[in-house]
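Welcome! Take a moment to turn the model around on your screen, then read on for a guided tour of its main features.

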Amino acid sequence: MKPVTGQKTLLSVRHLSVGYESEGKLLPAVEDVHFDLREGEVLGLVGESGCGKTTLMLSLLRLLPVAGRITRGEVRFGGQDLLDLSETEMSQVRWRDIAMIFQGAMNALNPVLPVEQQISEAIRRHDASVSAAQATRRVEELLEMVGITANRKDQYPFQFSGGMRQRVMIAMALACRPQVLIADEPTTALDVMIQAQILELLLELRERLGLAVILVTHDLGVVAEICDTVLVMYGGMTAEYSDVDRVYNHAVHPYTQNLLKAFPDLSQPNARLISIPGYPPRLDALPSGCRFSPRCPAAFERCHQETPGLYTVEEGHTARCFLVEGKV
Ligand SMILES: Nc1ncnc2c1ncn2[C@@H]1O[C@H](COP(=O)(O)OP(=O)(O)OP(=O)(O)O)[C@@H](O)[C@H]1O
């Protein structure tokens, strides 16, 4: 695969922390997460269920559920901190600059409207100056871009297969020409062949449009296949963050190492996370020290007492683990 990643950083996230209010307490779902996303980059966000992937993505767009609170951090995009914008300004950023395909969204298309109407509504909601005829032309262009012939625009969602509905969702997300696309588990529930086609489409789009993509997934096989960089999360925190090659071949965090061991053959599509002994922590019962320490085969006394910082392994490679601390 030819790297198309540009040098320009589009999105820069620093110290991002998010909690959910519950019974008068704030439960920390995401804590002190950092990452950068460059033009044309595909970043894989990976970790077991409940580690905070969706919460992190929803906070970038400030679309958290009512109980959600961003408690700290910066989300810099185009020279501004999105966390400082008014709600009106933020609504301009959504779709136009950063678009998200939500988990399960392909099943959330309106069943009683033809796809053209659904996509053109998205276009005209964000740009009132677009005429109905212009919107139709744009819908045709978008459908072709995602590999659907334009003459299917009058069809209803039930007339499309799962993979085709996911293509429609991608077309809709691209309606306002965003620079960043967040795709939350876009291939879950699709069969293996179709998954591969959707991933191929995302790669094509980044090449054609310079689109940067954040791909949220449980699937390390998918990450190995299409991502440039990987952020491995555990218990709401970054476990390890680097380019794909270093994460797959030189992982330093015992959690990443165990995840990789749980995937004997990454070249196999549909390789799902299988178990590392034990369970991820509950937000209301976090262990003291490193959140992975109760399951970590390499844990020593300090790991159970103190939370490790985010240490630099080498430039562009960080890990939250005491094992790295002494090696820098
Ligand atoms: N609306 C909410 N109120 C309270 N807690 C929540 C809410 N949404 C998520 N959580 C909790 O926040 C933590 C992170 O959840 P999140 O959905 O972000 O994880 P995830 O990694 O995306 O999981 P999955 O892979 O299953 O989608 C979990 O412990 C979850 O129970």
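Let's begin with one residue, Asp32, which counts as partly exposed because it has 18 C-beta neighbours inside 10 Å. Keep in mind throughout that this is a predicted model. Asp32 sits in strand 2, residues 25–38, and has a positive phi of about 55° although it is not a glycine.

**Another backbone angle to look at**

- His15 also has a positive phi, near 50°, and is likewise a residue other than glycine.
- You will find His15 in strand 1.
- His15 counts as partly exposed, because 13 C-beta neighbours lie inside 10 Å.

**The annotated region**

- An unreviewed UniProt entry carries the annotation "domain: ABC transporter" for residues 13–260.
- Over residues 13–260, the chain is 38% helix and 28% strand.
- The C-alpha atoms at the two ends of that stretch are 26 Å apart.

**Two domains and their contact**

- How is the protein divided? Domain 1 covers 9–97 + 179–275, while domain 2 covers 110–177.
- From the C-alpha centre of domain 1 to that of domain 2, the distance is 25 Å.
- Ten residues from domain 1 and twelve residues from domain 2 take part in the contact.
- On the domain 1 side, helix 2 (87–96) and helix 6 each supply at least two residues.
- Helix 6 gives the most to that side of domain 1, with four residues.
- By class, the side of domain 1 that touches domain 2 has eight nonpolar residues, one polar and one charged.

**Around the ligand**

- The ligand is surrounded by 14 residues, and the closest are Tyr20, Ser49, Lys53, Thr54 and Thr55.
- Strand 1 (9–22) and helix 1 (53–60) are the elements that give two or more residues to this shell.
- Which element provides the largest share of the shell? That is helix 1, with three residues.
- Sorted by class, the shell has six nonpolar, seven polar and one charged residues.

**Helix 5, an enclosed helix**

- Helix 5 spans residues 162–173, which makes twelve residues.
- From its first C-alpha to its last, helix 5 reaches 17 Å, close to the 16 Å expected at 1.5 Å a residue.
- Why is helix 5 largely enclosed by the rest of the structure? Nine of its twelve residues are buried, so the rest of the structure largely encloses it.
- The buried residues of helix 5 are Arg165, Gln166, Arg167, Val168, Met169, Ile170, Ala171, Met172 and Ala173.
- Their cover includes two strands, strand 6 (98–101) and strand 7 (180–184).
- That cover also includes helix 3 (115–126), helix 4 (132–145) and helix 6 (192–209).

**Val146, a buried loop residue**

- Val146 lies in the loop between helix 4 and helix 5.
- Val146 counts as buried because it has 21 C-beta neighbours inside 10 Å.
- Not counting residues up to four places away in sequence, Val146 touches Arg167, Ile170, Ala171 and Leu201.
- Between Val146 and Leu174 there are 9.7 Å in space, C-alpha to C-alpha, and the two are 28 residues apart in sequence.

**Gly44 and Glu87, a buried and an exposed residue**

- Gly44 belongs to strand 3, residues 42–46.
- Gly44 is buried, because 24 other C-beta atoms lie within 10 Å.
- Leaving aside neighbours within four places in sequence, Gly44 is in contact with Leu215, Thr217, Val223, Cys227 and Val230.
- Gly44 and Ser242 are 198 residues apart in sequence, yet 10 Å apart in space from C-alpha to C-alpha.
- Now turn to Glu87, which is in helix 2.
- Is Glu87 buried or exposed? Glu87 is exposed, because it has 7 other C-beta atoms within 10 Å.
- Glu87 and Leu181 are 94 residues apart in sequence and 20 Å apart in space, C-alpha to C-alpha.

**Helix 9 and its packing**

- In helix 9 (residues 254–261), the buried residues are Pro254, Tyr255, Thr256 and Leu259.
- These buried residues pack against two helices, helix 7 (220–226) and helix 8 (244–249).
- They also pack against strand 9 (229–234) and strand 10 (237–243).

Note on methods. Residues are numbered from 1 along each chain as its sequence is written. This is a predicted model: local features need pLDDT of at least 70, side-chain atom pairs count only at pLDDT 80 or more; totals for chains, interfaces and linings use all residues. UniProt positions are given in the numbering used here, feature names are shortened, and annotations may be inferred rather than shown by experiment. The expected span of a helix is 1.5 Å times one less than its number of residues. A residue is buried if 20 or more other C-beta atoms lie within 10 Å of its own, exposed if 12 or fewer, and partly exposed in between; C-beta atoms are placed from the backbone. Two residues are in contact if their C-beta atoms, placed from the backbone, lie within 7 Å. A residue is near a molecule or strand if its C-beta atom, placed from the backbone, lies within 6 Å of it. Ala, Val, Leu, Ile, Met, Phe, Trp, Tyr, Cys and Pro count as nonpolar, Asp, Glu, Lys and Arg as charged, and the others, Gly among them, as polar. Domain bounds come from an automatic or database domain assignment.
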